[in-house]
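Student: Please give me a close account of one part of the chain shown here. I should then like to see how the surrounding parts are arranged.

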Amino acid sequence: MSGAQCCENPPTLSSGSGSGKVEEIGGLSSYVSGPADSKAAVILISDVYGYEAPNLRKLADKVGAAGFSAVVPDFFRGDPYVPDQKPITDWLKDHGPDQGFEDAKPIIEALKSKGITKIGAAGFCWGAKVVVELSKYPYVQAGVLIHPSLVSVEDIQGVKVPISILGAETDHISPPELVKQFEAALNAKPEVDSFVKIFAGCSHGWSVRYKDEDEGAVKSAGEAHKDMLDWFIKHLK
């Protein structure tokens with residue numbers, strides 16, 4: 001994860017982006033989109049750039065439009081990674097996904113207290129490690145890992161809920177060879193429903209760090225978003 005690819009194409013953060021609203025859930029500021037009376041929620045766990053990334057919020061709005069309560073928590077408490085300010089390895093010492101895993105638990109409890117009965121979680125890069133940890137327990141009912149970082153074959157072997165893994169053809173952090181090992185580990189667990197796909201011509205971060213003017217990148221990101229949504233519709237609806 002300490003490689004440069006993890007941090008390529010940083011988004012221009014915007015606190016006012018998206019058509020939803022920011023509210024506190026489980027002790028963290030969270031961007032929320034979708035119907036207030038939904039019984040199914042999807043937690044979107046960001047990459048190192050955090051919850052103000054416009055493309056991530058746009059995706060949350062898409063999830064909300066599909067009928068889910070979409071929640072994007074600020075796991076970094078206002079301190080997302082800023083390129084050139086400090087090495088990513090130093091930033092990670094204060095923002096480990098182990099802490100994200102702990103912070104996710106009260107968010108899940110808060111959603112349940114609002115009447116949510118089914119919860120899915122999708123993680124991007126850094127966030128994928130949080131999701132795989134949640135998926136080892138009945139905290140969530142389905143998980144999606146998108147261009148994951150810090151995830152091991154051992155992590156995948158511990159998964160107990162339906163899991164989808166969307167990887168990139170050009171990814172130095174989770175290269176196709178590793179994603180295929182993830183797939184083999186899941187194939188050895190027929191009791192766990194799984195879906196694994198490698199996106200040709202795509203690089204790490206493609207699903208949320210695309211440029212709007214790049215038609216091909218937008219199309220590939222949209223395909224990943226559809227696969228993610230289809231997974232949650234299958235397992236949460």
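Tutor: Pro175 sits in the loop between strand 7 and helix 6; helices (H or I, at least four residues) and strands (E, at least two) are DSSP runs, numbered from the N terminus. This is a predicted model, in which local features need pLDDT of at least 70 and side-chain atom pairs count only at pLDDT 80 or more, while totals for chains, interfaces and linings use all residues. Residues are numbered from 1 along each chain as its sequence is written, and side-chain values use heavy atoms, with hydrogens and water left out.

Pro175 has a relative accessible area of 23% and is therefore partly exposed; buried means under 20%, exposed over 50%, and partly exposed in between, with a 1.4 Å probe and protein chains only. The C-alpha atom of Pro175 is 9.7 Å from that of Ser203, although 28 residues separate the two along the chain.

Ser203 leads on to the largest pocket, which holds about 230 Å³ of space. Of the 15 residues lining this pocket, Asn9, Cys202, Ser203, Trp206 and Ala217 are the closest to its centre. Strand 8 and helix 7 are the elements that give two or more residues to the lining. On a 1 Å grid over the protein atoms alone, a pocket is an open set of points with protein on both sides within 12 Å along at least five of seven lines, whereas a cavity is a set of points where a 1.4 Å probe fits but cannot get out; a lining residue has an atom within 4 Å of a point. Grid points are joined across faces, edges and corners, and a volume is the space filled by probe spheres set on the points.

The whole structure contains 1 cavity of 30 Å³ or more. The largest cavity has about 40 Å³ of space, and its lining consists of Pro11, Ser46, Asp47, Gly50, Ala53, Leu56, Val208 and Arg209.

Helix 7, which contributes to the pocket lining, covers residues 215-236. Its 22 residues reach 31 Å from first C-alpha to last, close to the expected 32 Å, a span taken as 1.5 Å times one less than the number of residues. Its buried residues include Ser220, Ala224, His225, Met228, Trp231 and Phe232. The buried residues of helix 7 pack against strand 3, helix 1 (54-65), strand 5, strand 6 (142-146), strand 7 and strand 8 (194-203).

Helix 1 has 12 residues, and its end C-alpha atoms are 16 Å apart, in agreement with the expected 16 Å. Among its buried residues are Leu56, Leu59, Ala60 and Val63. These buried residues are covered by elements that include strand 1 (21-25), strand 2, strand 3, strand 4, strand 5 and helix 7. Just after helix 1, Gly67 takes a positive phi of about 105°.

We may now turn to the nonpolar cores. Each is a set of buried Ala, Val, Leu, Ile, Met, Phe, Trp, Tyr and Cys residues joined through side-chain atoms within 4.5 Å. The largest has 49 residues, and those with the most contacts inside it are Leu111, Trp126, Leu134, Leu145 and Ile156. Elements that give two or more residues to this core include helix 3 (97-113), helix 4 (126-134), strand 7 (163-170) and helix 6 (176-187). Another core, of 30 residues, lies apart from it and includes Ala53, Ala168, Cys202 and Met228.

Within helix 4, Glu133 has 17% relative accessibility and so counts as buried. Leaving aside neighbours within four places in sequence, Glu133 is in contact (heavy atoms within 4.5 Å) with Phe101 and Asp155.

The cysteines form 0 disulfides, a disulfide being a pair of cysteine sulfur atoms within 2.5 Å. The sulfur of Cys6 is not bonded because the closest cysteine sulfur, in Cys7, is 3.9 Å away, too far for a bond. Likewise, the sulfur of Cys125 lies 4.0 Å from its closest cysteine sulfur, in Cys6, which is also too far. Cys6 is buried at 0%, and Cys125 is buried at 0%.

Two loop residues remain to be described. Asp84, in the loop between strand 4 (69-73) and helix 2, has a positive phi of about 75° although it is not a glycine; Asp84 is exposed, at 80%. His147, in the loop between strand 6 and helix 5 (153-157), has a positive phi near 30° and is likewise not a glycine; His147 is buried, at 0%.
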